[in-house]
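I opened the model to look up a few things about how its parts pack. My notes follow in the order in which I checked them.

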Amino acid sequence: MTEIPEHLLKRAQAAREKAAAESGAAAQSGDAGDSRIPAHLLERSKAAKAGGSVAVADKPSSSVVAAPLDGGVPMAAGPGGHTQRLLTVVKSGSIQDVKSEPVDKVHTWPHLLAVEFVAALACTTFLFLFSWVVNAPLLQAANFNQTPNPSKAPWYFLGLQELLTMFHPMIAGVTLPGVGLVALMFAPYLDKTVSNRPEDRKFMTGMMTMFLMFWAVLVIIGSFFRGPGFNFTFPWRDGIFFEL
Amino acid sequence: MASTIEEKPRLTLKERAAKLGESLQGSQAWNSIFRPGSIFRKGYTDSPRNRSYVIMNSVLYHLHPVKVKRHAVKVSYTLCLGGLSFFLFILLTVTGIFLMFFYRPTAANAWQDIQSLQTSVTFGLMVRNMHRWGAHLMVLSVFLHMARVFYHGAYKAPREFNWVVGVILLTLTLLLSFTGYLLPWDQLALWAVAVGTNMMGYSPVIGSQVRFVLLGGVEIGAETLLRWYVLHVLLFPFVTVIFLAIHFWRVRKDGGISGPL
């Protein structure tokens, strides 16, 4: 049997005592009209108490459909003045098993939106001031007959152009960047470790740092250390051959 | 007679304004614009309930949940890089639309249009500068965003696919920047793109075909300018927006940004 919680047992006990006291008082005063329970039901309840519980179990519904005495609400009272019965107790653990831990959260407004707004404002301000001071380059109109020396790709492709000086174009321009991009895409499927703590991922952070440094160094060399004919120069000696 | 006219006290300007505001906020038009519970309908006083409503009853609900993890709002964790990349994308769209009013993508007009944009259009030079520097800044911020995500291990399950979407977005950012590079049609643009597209031709099997389609010919020419213009202002932004939508949706579906280290 299910164990019934103590507070429910206490409540039932109190209700039983109260009902007993009331019926006792009603019987003493002999004034049945005062009670809201119809007289014939009280009689039956007394009889049941005296003669055993058989009569109540026989007709449990008779008390529910009892007609109101003087146009009031129909009263549904069982033996002993009970208006409801405890059928079963469902423990909370069996139906709502909460597994997730509560997460420390804050409201998006204002905590996140305010930060985003300030960041956007700072970014706009920076861009505005920078654009005020530095003009975007606009050289002579395009001329197919005059190749500038050196001709450089946009800065983010200068790493590739730098590779072109070392490898066959198919390796430098297609294979290496292709492999790099695919490796980048597949990184989460290749790296099966779960932890995201830096001390547990020294290999992956090392690989990524090498990957990023590889491109950064190539881009810097391509941008600042390549002069006419894409030959190696020093920017402090021959000047910078670089336009953004 | 005078007394009957003066029967109603004259409303002060403040009262009139309040009355006008009330009738405006009670109108069908107003109530159709703002959802029930919107702070523009019921006013705002600071309470947890109203803080939720600010997100819940506005279009921001597509982007942000009502509550986020406390560590997620730390600037030192994200450095705002993803958000700034998106913001720069919006900024570039706005300045780009402005530039489109003054630009014709033909070999005969392109350079001249940029020249006159800078010299005779109000704020023309400023907007062009912002577009150019903003584009470089966006490449940089997307790149740094990727590095940040990697070093935090934020690409791990369940965020693997969103990382893939992110790499696609990085590629799209580079393509957007590269196609825009040609449009001024000056010596810098022409020869930078010539160098870049020469590499493309070495792709195995389809290299020369892809190059032909992208250049609209064997060499860069007037056709290339029109093609890259359409790619730059229409195709790549369109594709980027779709991937951005997937990217943002997945951020929320995968449980917000990654946890603290």
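I looked up what covers the buried residues of α5(B), keeping in mind that this is a predicted model. The cover includes β1 (105–107) and α5 (108–133) of chain A, and also α4 (39–42) of chain B. The helix in question spans residues 48–56 of chain B, and its buried residues are R51(B), Y53(B), V54(B) and I55(B). I noted that residues three or four places apart in an α-helix point the same way, because there are 3.6 residues a turn.

Next I went to the strands. I found β1(A) and β1(B) paired in the antiparallel sense, over 3 bridges. Opposite H107(A) stands K67(B), which belongs to β1(B).

I then listed the contact between the chains. Chain A contributes 59 residues and chain B contributes 68. On the side of chain B that touches chain A, the elements giving two or more residues are α5, β1 (67–69), α7 (81–100), α8 (110–120), α9 (124–151), α10 (160–182) and α11 (187–200). The one that gives the most is α9(B), with 14 residues. By class, that side of chain B holds 43 nonpolar, 16 polar and 9 charged residues.

Last, I checked chain A as a whole. I counted 9 helices and 1 strand, in the order α-α-α-α-β-α-α-α-α-α along the sequence. Chain A has 244 residues, of which 13% count as buried. For contacts in chain A between residues at least 6 apart in sequence, I recorded that 49% join residues at least 24 apart.

Key. Residues are numbered from 1 along each chain as its sequence is written. Chains are lettered from A and ligands numbered from 1 in the order in which they are written. This is a predicted model: local features need pLDDT of at least 70, side-chain atom pairs count only at pLDDT 80 or more; totals for chains, interfaces and linings use all residues. A residue is buried if 20 or more other C-beta atoms lie within 10 Å of its own, exposed if 12 or fewer, and partly exposed in between; C-beta atoms are placed from the backbone. Helices (H or I, at least four residues) and strands (E, at least two) are DSSP runs, numbered from the N terminus. Two residues are in contact if their C-beta atoms, placed from the backbone, lie within 7 Å. Ala, Val, Leu, Ile, Met, Phe, Trp, Tyr, Cys and Pro count as nonpolar, Asp, Glu, Lys and Arg as charged, and the others, Gly among them, as polar. Two strands pair if DSSP finds at least two bridges between them.
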